[in-house]
Amino acid sequence: MTDWIWIHYTRARPHWYELSDADRAAKRAAWADVARETEAAGGISHGRYSVRGQSDFAIVETWGFPSADAAFDHWSRLTRAGYAEWFVSTNTIGLRCKDPA
């Protein structure tokens, strides 16, 4: 059960597009490794979606986590792998409502 949701909005920084295709592929591979580690630890990816309409971001991605610490660990490992250098992001975390009002 994943009671915690992590909502990640992001867009590439301009210098991302100056990298070669091989460099971008290498960075994506490193971040995919982080995602696989997260899934092995109980995180569940709900996928990545293109943002429609007006927004400061191009992509929204959601994950389910067994705890807030697990979500924080995922983000920390992405950051250590250089993700924040290449993408602008904002993150929101929420706990499942037991009794929706």
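How do α1 and α2 run relative to each other, roughly parallel or roughly antiparallel? Before getting to that pair, let's take a quick look at the whole chain, keeping in mind that this is a predicted model.

The chain has three helices and four strands. If you start at the N terminus and walk along, you meet them in the order β-α-β-β-α-α-β. Lay the C-alpha trace out along its principal axes and it spans about 50 × 35 × 15 Å.

Now back to the two helices. Two packed helices are described by the angle between their axes and the distance between the axes. Here, the axes of α1 and α2 come within 9 Å and cross at roughly 160°. Angles over 145 degrees count as roughly antiparallel, so that is the answer for α1 and α2: they are roughly antiparallel to each other. As for handedness, α1 passes α2 in a right-handed crossing.

Who actually touches whom? On the α1 side you'll find Trp31, Val34, Ala35, Glu37 and Thr38, and they meet His74, Arg77 and Leu78 of α2. Sorted by character, the residues of this contact come out as four nonpolar, two polar and two charged.

Both helices turn up again when we look for open space. Rolling a probe the size of a water molecule over the atoms shows where empty space is left. The largest pocket has a volume of about 350 Å³, and 17 residues line it. Look for Arg28, Trp31, Arg48, Glu61 and Tyr83, which lie nearest its centre. Trp31 is a residue you've already met, in the contact of α1 with α2.

Which elements build this lining? At least two residues each come from β1 (4–12), α1 (21–40), β3 (59–65) and α2 (68–80). The biggest giver is α1, with six residues. Overall, the lining of the largest pocket divides into 11 nonpolar, two polar and four charged residues.

Notes. Residues numbered from 1 in each chain as written. Predicted model: local features only at pLDDT ≥ 70, side-chain atom pairs only at ≥ 80, totals over all residues. Heavy atoms only, no water. 1 Å grid on protein atoms, 1.4 Å probe; cavity = no way out; pocket = protein on both sides within 12 Å on 5 of 7 lines; lining within 4 Å. Points joined across faces, edges and corners; volume = space filled by probe spheres on them. Nonpolar A, V, L, I, M, F, W, Y, C, P; charged D, E, K, R; others polar. Axes fitted to C-alpha atoms, helices over the stretch in contact; angles between N-to-C directions. Parallel < 35°, antiparallel > 145°, perpendicular 65-115°, else oblique. Left-handed = near helix turned anticlockwise from the far one by under 90°. Contact = heavy atoms within 4.5 Å.
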